[in-house]
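User: Please take a close look at a single part of this protein, its interior, with attention to how the side chains come together there. A brief account of the surrounding architecture would help to place it.

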Amino acid sequence: MVATGTQTNSTAHDQAPWLDFVHTGPGTLAGRWLRTFWQPVYRSQDLAPGRSMPIRIMNEDLTLYRGESGDVHLLAFRCAHRGTQLSTGWVEGDDLRCFYHGWKYNGSGQCIEQPAEPEPFCDKIRIRSYPIQDYLGVLFAYLGDGEPPELMRFPEFEDENRGILDILYSTSPCNYFNLIDNDPTHIYFVHKTFNQAQGRAPDIPVLDCEETDYGFVTKATDSAGSWVYFSHMPNMVHGRRDGYPKGEAIQWRVPIDDENSLSVGITLIYLKGEEAEKYRAQRVGRSRSPELAKRVNELGDSVLRGEIRVHDLDDRSVLFNVQDYVSQVGLGRMVDIEPQHLGREDVPTIMLRKLFSREMRALAEGRPLKQWMRPKERMSLGNEDAMLVRP
C-alpha cells in the first residue's frame with residue numbers, strides 16, 4: 001500500500017514536461033490535463049442575477065455572468081468587435097451586451113445584435129463559450145476541448161439530514177501545487193496550538209496510501225485511532241473537520257495563474273436543529289468572507305516578513321488559516337521540487353506526484369488517460385459517530 005519514489009534530477013526535469021506540474025496556461029501539459037476535469041471557479045451566492053464578472057483560471061481571462069433568469073454562462077473575455085472587456089457590459093435577459101459598441105452575445109457565445117451595423121453580420125461572429133454548472137453552491141466550469149465528462153457528484157453533501165453546508169472561497173499568492181502537495185503530518189506542527197487545545201495525541205501518525213478509481217486514499221494512524229483522506233484527481237481532497245463544530249469538507253485548489261491560486265471548499269457541518277440555525281446565522285458564508293480572507297493574507301505576509309510570529313497570534317477566527325498560509329505560501333510563489341528530500345512522512349506527496357507525472361506523460365505521448373470515477377455511494381471517513389458528538 002505504501003507509495004514510494006525518488007526525486008528526479010534537474011536535467012530530467014528540464015527535459016520532461018510531464019514533471020512540470022506548476023505551469024498550467026493554455027498549451028502547457030499540466031494545463032491541458034487539468035482542463036479535462038470540471039473545475040470550481042466561483043461561489044454561486046456571490047453572483048447575483050444580472051451581474052457579470054471577470055475571472056481568471058489557469059492563466060485564462062474569462063467572462064462569467066448570470067442571466068436575469070438565474071442561469072449562469074461563461075464566455076471569452078473580450079468582445080469579437082474591438083476586443084474590449086465583456087464583463088463591463090450589460091446583462092439583458094440571458095444575453096450580454098458589450099459596453100463599447102453594443103454587440104450582444106447569447107450564452108453560447110453567438111453574436112445576436114450589432115446595433116450600429118446597417119447590414120448586421122451576426123451569424124458570422126461567435127466567441128468561445130464554456131460549459132458551466134451550479135452544484136452544491138459552487139459554479140463548476142469545463143475549460144477543455146470536446147464534450148465534458150459527467151460532473152462528479154458528492155452524495156455525502158447532498159443529504160440535508162446530515163448537517164448544513166458552508167461554502168468557502170479564498171485566494172493565495174502562490175502556485176496551486178503548493179496547496180495540494182500537502183499531507184496529514186503537517187497538522188501536528190503547523191496547527192500545534194489547536195492540537196493542544198483539543199487534547200489531540202502528540203504522536204505522529206503512520207501514513208499509508210493506495211491508488212483508487214478516483215485518485216488515492218491516505219490512511220493516518222496514531223494512538224487515538226485511524227482516519228482517512230480521499231484525494232480525487234487531480235486537485236481535490238475530501239477529509240474530516242476537527243474541532244467544534246465537527247464535520248467534513250471537500251476542497252479544490254485551482255490555478256488562477258502560475259503564481260496565484262484559488263481555494264474552493266464545501267464544508268458539511270454536523271449540526272442540526274437549533275444549534276444548526278444558530279451557527280448558520282453567525283458563521284455560514286462568513287468564515288472565509290473577503291474581509292476575513294484579506295486579514296488572513298495580511299497577517300500571513302507579516303509573519304513571512306518577520307514582523308510578527310505566528311505563535312503570538314491569539315485571534316482564533318483567523319489563526320488556523322494563517323498557519324496554513326505561512327506554511328504553504330512560505331514555500332515560495334512557485335514550488336521547486338528539485339531540492340526537496342522526501343521521506344516516509346511524505347507518502348501522500350510521493351503518490352500525488354507519481355499520478356500527476358504518469359497521466360501527464362500519457363497525455364504527452366497520446367496514450368489513453370485513466371478515467372477517474374468515484375463510488376456513487378457516500379464515502380465514510382471512519383468513526384463519524386464520534387465526530388457527531390460535540391466535545
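Analyst: Two strands are said to pair if DSSP finds at least two bridges between them. The model discussed here is a predicted one, and the pairing rule applies directly to one of its sheets. That sheet is open, consists of four strands and runs in the order E5-E6-E7-E8 with antiparallel pairing. Strand E5 (90-92) and strand E8 (111-113) form its edges, since each pairs on one side only. Strand E7, which covers residues 104-105, is joined to E8 in the antiparallel sense over two bridges. Within E7, Lys-104 stands opposite Glu-113 of E8.

The wider setting is as follows. The protein has 391 residues, and 51% of them count as buried. Its secondary structure comprises eleven helices and 18 strands. Among contacts with a separation of 6 or more, 58% are made by residues 24 or more positions apart. The area exposed by the protein is about 18800 Å², of which carbon and sulfur atoms supply 49%.

The interior itself can now be considered. In soluble globular proteins, nonpolar side chains tend to be buried together. The largest nonpolar core in this model has 61 residues. Helix H10 (residues 347-364) gives the largest share of this core, seven residues. Leu-64, Leu-74, Phe-177 and Phe-356 have the most contacts inside the core.

Leu-64 illustrates the packing. When residues up to four places away in sequence are not counted, Leu-64 touches Leu-74, another of the core residues with the most contacts. The partners of Leu-64 also include Tyr-42, Leu-47, Met-53, Ile-55, Val-72, Ile-132 and Leu-139. Arg-51, Ser-52 and His-73 are likewise among the residues that Leu-64 touches.

Aromatic rings add a further level of organisation. Counted as rings whose centres lie within 6.5 Å, the aromatic pairs number 14. One of them joins Phe-140 and Trp-252 edge-to-face, with 5.3 Å from centre to centre and 75° between the planes. Phe-140 belongs to strand E11 (residues 138-141) and Trp-252 to strand E17 (residues 247-257), and the pair links parts of the chain 112 residues apart. Both partners meet the limit for burial, under 20% relative accessible area: Phe-140 has 2% relative accessibility, and Trp-252 has a relative accessible area of 6%.

A second pair brings together Phe-177 and Phe-356. Their ring centres are 5.2 Å apart and their planes meet at 80°; because planes over 60 degrees apart count as edge-to-face, this pair is classed as edge-to-face. Phe-177 lies in helix H4 (residues 176-180) and Phe-356 in helix H10, so the pair ties together parts that are 179 residues apart in sequence. Phe-177 and Phe-356 are both buried. These two residues also belong to a cluster linked by ring pairs, together with Phe-21, Trp-33, Phe-37 and Tyr-176.

A charged side chain also meets a ring. Arg-153 lies over the face of Tyr-135, 4.5 Å from the ring centre.

An exposed site provides a contrast with this interior. Asn-161 occupies the loop between helix H3 (155-158) and strand E12 (164-172). Its relative accessible area is 61%, so Asn-161 counts as exposed. From C-alpha to C-alpha, Asn-161 and Tyr-270 are 9.3 Å apart in space, and in sequence they are 109 residues apart.

Technical notes
Residues are numbered from 1 along each chain as its sequence is written. This is a predicted model: local features need pLDDT of at least 70, side-chain atom pairs count only at pLDDT 80 or more; totals for chains, interfaces and linings use all residues. Side-chain values use heavy atoms; hydrogens and water are left out. Buried means under 20% relative accessible area, exposed over 50%, partly exposed in between (1.4 Å probe, protein chains only). Contact means heavy atoms within 4.5 Å. Accessible areas come from the Shrake-Rupley method with a 1.4 Å probe; for residues, only the protein chains shown count as cover. A nonpolar core is a set of buried Ala, Val, Leu, Ile, Met, Phe, Trp, Tyr and Cys residues joined through side-chain atoms within 4.5 Å. Rings of Phe, Tyr and Trp (its six-membered ring) pair if their centres lie within 6.5 Å; planes under 30 degrees apart count as stacked, over 60 as edge-to-face and the rest as tilted. A charge sits over a ring if NZ of Lys or CZ of Arg is within 6 Å of the ring centre and within 35 degrees of the ring normal.
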